[in-house]
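Colleague: Could you take me through one part of this model in some detail? I would like to look closely at the open sheet in chain A, and then see how the rest fits around it.

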Amino acid sequence: MAQPSSGREPVLEMTNISKAFPGVQALDDAGLSIRQGEVHGLVGENGAGKSTIIKILAGVYHRDAGRIVVDGSALDEVTSRAVHEHGVRFVHQELHLVPHMTVAESVFMGHELSRAGLIRRREMRRRAETFLSERLGADLDGETLIRDLGSAERKLIQIARALVDEGARLVVFDEPTAPLAAGEIERVFSAVDRLREHGVASLYVSHYLAEITRLCDRVTVFRNGTDVGSLADLDEQDHREMIRLMVGRELGQLFPDRRPERGEVVLATSGLGDGATFSDVDLEVRRGEIVGVAGLLGSGREELIDSLAGLRRSRSGHVELGGQRARVRSPADALDRGMALVPRDRRNDGLVLAMSATDNINLATLPDVARHGWILRDAADQRARRMVERLDIRPQAVERPAQLFSGGNQQKLVLARWLVAAADVLLFDEPTVGVDIGAKAEIYELMTEMADRGAGLLVASNDAAELLGVCDRVVVLVRGRIVATVRRDEVGIDELIALVTGSEEAPADGGTGAGGSPATDVEEEAR
Amino acid sequence: MSALSRVGPDLVPAARRVLLKRGPLLLFGALLLYLSVASSAFLSTANLLSSLTQAAPIAIVAFGLAVVVRGGGDDVVAGGIDLSIPASAALATAVISDQLANQGAGVLRALILATAAAVLVGAINVLLVTVIGLTSILSTLAMYATVVGVVRVYTANRRITVDDPTMLFVRDARPLGIPMPVWVMFAAAVAFWLLLHRSAFGMRLQAVGGNQEAAATSGIRPRPYIAASFLIAGVAAATAAVVLVARGSGSSPGIDERLLVDMVLATFVGSAFSRRNVVTVPGVMLGAILVALMSNGLILIRVDNSWIDGFKGVLILIVVAAAALQNRRRA
């Protein structure tokens with residue numbers, strides 16, 4: 001059928017694809033076309049149908065209608081085997097690796113080299129090492145255990161697994177940089193660039209528009225289960241257009257304006273350290289203030305937040321809450337003293353998925369809606385309904401189990417819990433990771449509202465734009481020590497990233513952070 | 001503390017790490033050292049060879065357990081474990097003995113029937129774990145109790161004496177001065193080592209046990225591998241039965257009980273020998289030998305038999321607790 005007329009022949013052509021799940025039309029006449037050897041971006045808000053179309057291509061879901069042509073052959077039934085034979089490979093978002101297996105074993109997982117039933121260990125090691133170094137630019141020992149690698153290296157192992165049989169024509173990357181810190185991302189980028197040099201096409205799915213413009217030749221935007229537009233020759237100027245296509249309207253501002261009113265100190269640390277990952281941390285958070293903590297993975301950022309919340313023990317220094325020394329031994333302890341943690345992995349750490357929205361919202365403050373230990377259902381429901389309305393959580397069904405809400409709405413359920421708790425100090429760890437732009441803006445709005453009501457917020461994040469957009473001040477952690485404190489109007493995203501990656505010397509201490517510059521606009525939706 | 005930190009701040013955590021990782025081995029080492037001092041007979045060739053002979057059935061059933069643990073993951077509750085192997089071994093022992101002593105069967109027929117019986121137990125485990133979806137610790141514990149009950153009914157809870165020449169040969173022959181059961185253990189070790197550590201099957205089984213999603217996205221369907229692991233455990237049980245019949249000149253009630261504790265102890269002590277801290281075939285064999293040496297040594301210094309079982313129970317707890325602590329530190 002399809003004649004290879006030129007090098008621009010599509011390696012993948014999906015047309016008129018539809019797929020319905022009970023109650024949802026996930027895909028409605030969607031299309032996607034990828035040319036040979038190009039890097040093609042796929043963007044869209046959560047629920048736009050990106051993962052559905054990828055899972056159809058992977059043979060996980062079966063389409064209701066539509067046509068799929070891979071490398072010139074129309075596939076009636078898409079099975080994982082069939083697409084693999086046609087050269088389609090997948091690099092999944094999750095790190096699909098076994099910690100106690102070696103690099104070589106992991107690269108060849110599922111297609112082990114063997115002779116007469118026995119593994120050819122030396123050959124696998126040699127081939128894995130060569131492939132990693134020549135094709136992905138990673139010099140690793142094939143005998144190293146996965147658990148001794150960093151997350152960027154683990155990602156490269158996953159990429160190597162998809163490619164090592166040299167049969168790949170199209171590689172689908174699903175949010176490949178999600179678990180990585182800013183400095184590590186470049187290694188994944190260069191791996192994708194090398195693929196292009198070898199004539200292998202990539203489909204690159206990401207929430208980060210800056211990554212799309214950096215890497216992709218073209219991009220397709222999905223909204224409400226269909227493709228709403230394609231752009232080529234991408235640069236930074238296209239961010240606004242991509243966002244417009246994604247949300248179907250001009251998005252005013254991602255970050256809210258604010259003029260912080262600062263009150264007394266609610267959280268202070270001095271000389272805090274855990275003896276391993278961070279040390280000598282002096283911090284101060286006042287009422288009405290949002291303080292950011294910037295740092296790479298492994299900079300001690302996560303550990304600092306965990307130890308403040310009582311999830312990890314500190315070994316030196318002390319913490320003051322509301323002006324009094326406090327030893328926080330557990331999150332419950334923290335809550336008693338008016339400090340709450342909104343955890344990083346909300347789906348797993350923040351919600352009891354099988355419990356209703358009402359129960360999840362009231363979980364931290366049950367005594368408020370109980371008498372003599374018995375829960376007053378009406379009071380609990382009412383309170384939950386108020387929060388659901390105020391945060392615009394959808395659907396507005398408080399008796400629904402948390403697991404039936406979408407990701408962004410689950411996020412809001414956790415936030416609602418701390419809003420009703422009226423904590424004085426709120427710790428946020430990666431508040432918007434994996435959340436689409438619309439929900440991001442709402443979460444920033446809520447954070448600002450919490451601060452305006454007199455709470456002090458400490459926000460740890462990997463996203464420089466987010467920190468500068470929402471925080472009044474940002475402290476920068478490098479290798480467990482604070483190397484700089486900057487005000488949001490003092491530095492740009494590039495400078496903050498430079499500080500975080502340790503590629504720039506710290507400026508003079510920014511000190512007090514009164515009145516940041518407002519209106520960091522959506523165009524800075526970048527890393 | 002201050003004196004220690006002057007020596008080197010990394011010394012204390014490093015010492016703790018070594019203690020957690022190698023603690024069970026150090027414990028065994030200290031015990032063996034004590035035994036060799038306390039009893040002059042402990043290091044005699046006769047005692048060492050008899051310990052190796054006793055280690056043989058333990059090691060062989062533990063190889064079977066190693067296969068299941070590899071495929072199910074080493075989480076003690078959610079992971080893979082097969083507690084029914086000793087009961088299968090007892091069943092196979094009873095079948096071999098009954099066939100040879102009462103049914104007038106030849107060795108080959110007895111072995112085939114015994115293997116079939118043990119593999120059937122494995123097949124029921126497969127049904128319970130992969131089809132119905134029970135946790136393996138629960139379903140195989142129930143299977144252990146069930147099969148032990150079946151064996152009691154089958155043998156009327158009596159001893160069956162075997163005087164078949166092949167079995168007597170396995171009991172008495174000493175090629176190169178090493179008892180035959182030890183050779184059987186070595187042969188089984190090589191076979192299981194090839195299977196687990198050098199075959200594509202073994203590698204995929206490890207992937208399935210380590211991360212089912214990773215395996216699935218690499219084109220490995222987990223279920224057949226998990227199913228195979230339980231069936232292989234049945235084969236291991238039948239192999240152990242040959243050694244058990246030879247050693248005991250037949251089948252006698254209650255052989256499953258001690259085997260259960262020894263098997264679990266050998267398997268998890270063995271993982272402290274591996275770089276990756278996972279269950280391996282060489283580790284399991286060394287573990288079984290340590291367990292047998294210890295049991296023998298304690299008898300030599302006249303520790304009451306009843307104490308020995310309790311002692312082993314405590315050792316299992318220490319080993320498993322050390323592993324759990326280590327996992328917690330890593331998480």
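Modeller: Happy to; here is the sheet, followed by its surroundings and the second chain. Please keep in mind that this is a predicted model.

The open sheet in chain A has six strands, in the order S18-S21-S22-S15-S23-S24, and its pairing is mixed. At the edges stand S18 (339–342) and S24 (481–487); each has a single partner strand, so one side of each is left without a neighbour in the sheet. From one strand to the next, the twist averages 20°.

Let us zoom in on one pair inside that order. Strand S15 of chain A, residues 290–294, pairs with strand S23 of chain A, residues 473–478, in the parallel sense, and four bridges join them. If you want a place to put your cursor, A:Val291 stands opposite A:Arg473 in S23(A). In general, strands of a sheet pair through backbone hydrogen bonds, either parallel or antiparallel.

Now for what covers the sheet. Helix H14 of chain A (residues 407–421) lies across S18 and strand S21 (425–429), running at about 170° to S18(A). As an angle over 145 degrees counts as roughly antiparallel, H14(A) and S18(A) are roughly antiparallel in direction. A:Leu426, whose number falls within the range of S21, belongs to a separate core of 81 residues that also includes A:Met387, A:Ala441 and A:Leu446.

Elsewhere in chain A, two helices make a good contrast. The axes of H4 (residues 121–136) and H5 (residues 151–163) come within 10 Å and cross at roughly 105°, so H4(A) and H5(A) are roughly perpendicular to each other. From H4(A), the contact draws on A:Ala128, A:Phe131, A:Leu132, A:Arg135 and A:Leu136, while H5(A) supplies A:Leu156, A:Ile159, A:Ala160 and A:Leu163. Eight of these residues are nonpolar, none is polar and one is charged.

A:Ser51 is worth a stop too. This serine lies in helix H1 of chain A, residues 50–58, and counts as buried because it has 20 C-beta neighbours inside 10 Å. A:Asp174 is 123 residues away along the chain, yet the C-alpha atoms of A:Ser51 and A:Asp174 are separated by 8.3 Å.

Stepping back, chain A holds 17 helices and 24 strands, and 48% of its 527 residues are buried. Among its contacts with a separation of 6 or more, 70% link residues 24 or more positions apart.

Chain B has 14 helices and two strands. Of its 331 residues, 49% are buried, and residues 24 or more positions apart account for 76% of its contacts with a separation of 6 or more. The largest nonpolar core has 178 residues, and B:Ala59 and B:Val61 touch the most other members. Helix H11 of chain B (residues 222–248) gives this core its largest share, 16 residues. Leaving aside residues up to four places away in sequence, B:Val61 touches B:Ile85, B:Pro86, B:Ala89, B:Ala236, B:Ala237, B:Ala240, B:Leu259 and B:Met263.

Finally, the two chains meet: 19 residues of chain A are in contact with 17 residues of chain B. On the chain A side, eight of the residues are nonpolar, seven polar and four charged.

How values were computed. Residues numbered from 1 in each chain as written. Chains lettered and ligands numbered in written order. Predicted model: local features only at pLDDT ≥ 70, side-chain atom pairs only at ≥ 80, totals over all residues. Contact = placed C-beta atoms within 7 Å. Nonpolar A, V, L, I, M, F, W, Y, C, P; charged D, E, K, R; others polar. Pairing = 2+ DSSP bridges. Axes fitted to C-alpha atoms, helices over the stretch in contact; angles between N-to-C directions. Buried ≥ 20, exposed ≤ 12 C-beta atoms within 10 Å, placed from the backbone. Parallel < 35°, antiparallel > 145°, perpendicular 65-115°, else oblique. Core = buried A, V, L, I, M, F, W, Y, C linked by C-beta atoms within 7 Å.
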